[in-house]
Amino acid sequence: MKHKRSLLALLAAAVASGLVLAACGSSAASPPGGSTLTSSSKPVRGGTLVYLEDREESCLDPQIGGDIPQAMIAAQYTDNLVYEGPDGKIEPWLAKSWTISPNGRVYTFTLRDNVRFTDGTPLNAAAVQANIERVVNPKTDSSTDGGYIAPFYQSSKVLSPYVLQVTLKTPDSSFLDVMAQSYIGIESPKGFARGISANCDDPIGSGPFEIKSYVPNQEIVLVRNPHYNSPPPGSPHTGPAYLKEIIWKIVPDASVRWAALQDGEANVIYYPPAEDWASAAASHITIFTHERPGSPNSIILNAAASPFTSLDVRQAFLYASNEKASLKSAYFGTYPYVGSPLVPGTPDYDSAFQNAYSYDPAKAEQLLEEAGWTGHNSHGYRTNKLGQVLSVSIPYDSDPGYTPSEDLTLYEDIQAAEEKVGFDVTLDPLSSTAYDDLWSNGKYQTLAGGYWITNTPDVLRTLFSTQALKYYGTNASHSSDPQLDTLLAEGLAEQNPTIRQKLYDEAQAIVSKEAWILNLYPAEERLAIASNTHGVSADYAVGLPDFYSTWIS
């Protein structure tokens, strides 16, 4: 969604210049991600599922770039080296076992020896090595995968046909978590040897489905892999998928997607309009949500731009926003509020900061007075001793795929709340291109819609470290704190979970205190499902849809 795309564009440039970013396990007892499989009927094989998505990227291969729509498709046609479940535990998938050296730098994976890609080539140690070396190669422009892995990757060695050794430059406690994400589902080296363009249109994996056809910005057709034999732990069945085919259509308008579902023209739709949730039951529609870990949707405050160079002003903005009530109103109570730097499902999340900036307009006004914004103009907006008005612009991407109507209502409500304490707030819609340009040049006071989806607390380094500010272009708040940098570096290297939790608790305390972002709500997998469609689920690593066990009655 939204700013993830902008971050990826900037990361691509960083990877190309050799300056890359470091990142972003499972239960066998329950279906992956939690399932809608509630029917007592026996699953039926065959049938075509029509799925309506709001947007897509120009490339179906998430190793190129690495945005959410790419990973959602990849989750259907690839498998991962390892699997992450509801308790965050890493379990075997394509790798049936592994060892980690005492210094945390050497990983030795033993792979299954009976898995093939849908082009017939074996998925072996050489294939996994080729995938890793592909994403760390700056020429690949692998913004997400390369950004996560390249800073730590030193080398890899095929020890035997199904044993791969990976050596890191320094310990990375998030490495296995990253390898569980669909952004780095394992692809056929024969497939990507065709070149980036060909692989973007027709990537090849070992997953339950394979790409049959692709019309950019219109439709992707996936068909069942008849030879599939490598489902993740906890899957409710084995062997090939139940569905014969998936027709994955791009329909940007949420109301059109909803109408198609009601009329029986679709089985599953992405991001159903919040205003229609209340009527879903009457239409025999199931609403399915799955929280995605990482950092929440937010409004980012630029600490290098006036007036947010002042900590008092940043904190005042957060205290005045009344975002919790505004969120409930804009989304009809369908989204939980997240007030902390990490989404609750993220490892090492600390709930102590959930309500750090509860609505307190009196506190906001006190902070603004202390910051020197003591006067008021004829419109009631605050001014300083130089007569400058306390003006704030909130730019947002006007594409509804990035800023749905509910988000715009939320921003308008926040605008009204801020004006009550004297902020003169304007909302500025921009084209996607103009928005990306603004993000790149840093000439903004705020940016609406920022978030980052990943299953590791290292997202705090991605978004707030001096390293990210200087080299990666992902620190949109332009924050820099030496103590925070130290904590984040130590947290990433620490192998002891108890010590790591303490380090990330301290890091979250700094991020919360510094008020670099106005947190709003978690990114979620939000689906609406027709009554004849069963077994839809989402993966636990980053909450992407999983249709392997889906069937139609």
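Reader: Where does Phe332 lie?

Author: Phe332 lies in the loop between helix H10 and helix H11, the latter spanning residues 361-370, and since this is a predicted model, that placement is a feature of the prediction. Phe332 follows H10, and its phi is near 55°, a positive value in a residue other than glycine.

Reader: Is Phe332 buried or exposed?

Author: Phe332 counts as exposed, because its relative accessibility is 53%.

Reader: Why remark on a positive phi at all?

Author: Because most residues other than glycine have a negative phi. His284 is also not a glycine and has a positive phi, of about 60°; His284 lies in the loop between strand E11 (268-270) and strand E12 (286-291), and with 57% relative accessibility it counts as exposed.

Reader: And the peptide bond from Ser306 to Pro307, is that cis or trans?

Author: That bond is cis, with omega near 5°, whereas most peptide bonds are trans. Pro307 is part of the loop that runs between strand E13 (294-301) and H9.

Reader: Back to H10, then. Which of the residues of H10 are buried?

Author: The buried residues of H10 are Glu323, Ser326, Leu327 and Ala330. They sit on the same side of H10, because the arc they cover around the axis is only 100°.

Reader: What do those buried residues pack against?

Author: They pack against three elements, namely H9, helix H12 (405-419) and strand E19 (517-521).

Reader: Take H12: at what angle do H10 and H12 pack?

Author: The angle between H10 and H12 is about 145°, and their axes are 9 Å apart. The crossing in which H10 passes H12 is right-handed.

Reader: Which residues meet there?

Author: On the H10 side they are Glu323, Ser326, Leu327, Ser329 and Ala330, and these meet Glu406, Thr409, Leu410, Asp413 and Ile414 in H12.

Reader: What about Ser321, where is that found?

Author: Ser321 is found in the loop that joins helix H9 (311-320) to helix H10 (323-330), and it counts as buried because its relative accessibility is 0%.

Reader: What is Ser321 in contact with, leaving aside its neighbours within four places in sequence?

Author: With those neighbours left aside, Ser321 is in contact with Ser326, Ile414, Ala417, Glu418 and Leu518. Ser321 and Ala416 are 95 residues apart in sequence, while their C-alpha atoms are 8.4 Å apart in space.

Reader: And what does the side chain of Ser321 reach?

Author: The side chain of Ser321 reaches the backbone oxygen of Leu318, at 3.1 Å.

Reader: Changing topic: how many disulfides does a search of the whole structure find?

Author: The search finds one disulfide, formed by Cys59 and Cys200, whose sulfur atoms are 2.1 Å apart. The pair links distant parts of the chain, 141 residues apart: Cys59 is in the loop between strand E1 (48-53) and helix H2 (68-77), and Cys200 is in helix H7, residues 196-201.

Reader: Is the disulfide of Cys59 and Cys200 left-handed or right-handed?

Author: The disulfide is left-handed, because the torsion about the S-S bond of Cys59 and Cys200 is about -85°.

Reader: Are those two cysteines, Cys59 and Cys200, buried or exposed?

Author: Both Cys59 and Cys200 are buried.

Definitions and conventions:
Residues numbered from 1 in each chain as written. Predicted model: local features only at pLDDT ≥ 70, side-chain atom pairs only at ≥ 80, totals over all residues. Heavy atoms only, no water. Disulfide = S-S within 2.5 Å. Helix = DSSP H or I, 4+ residues; strand = E, 2+ residues; numbered from the N terminus. Buried < 20%, exposed > 50% of the residue type's maximum accessible area, 1.4 Å probe, protein only. Contact = heavy atoms within 4.5 Å. Polar contact = N/O pair within 3.5 Å; in protein donor to acceptor, adjacent residues only side chain to side chain. Arc of directions from axis to C-beta. Axes fitted to C-alpha atoms, helices over the stretch in contact; angles between N-to-C directions. Left-handed = near helix turned anticlockwise from the far one by under 90°.
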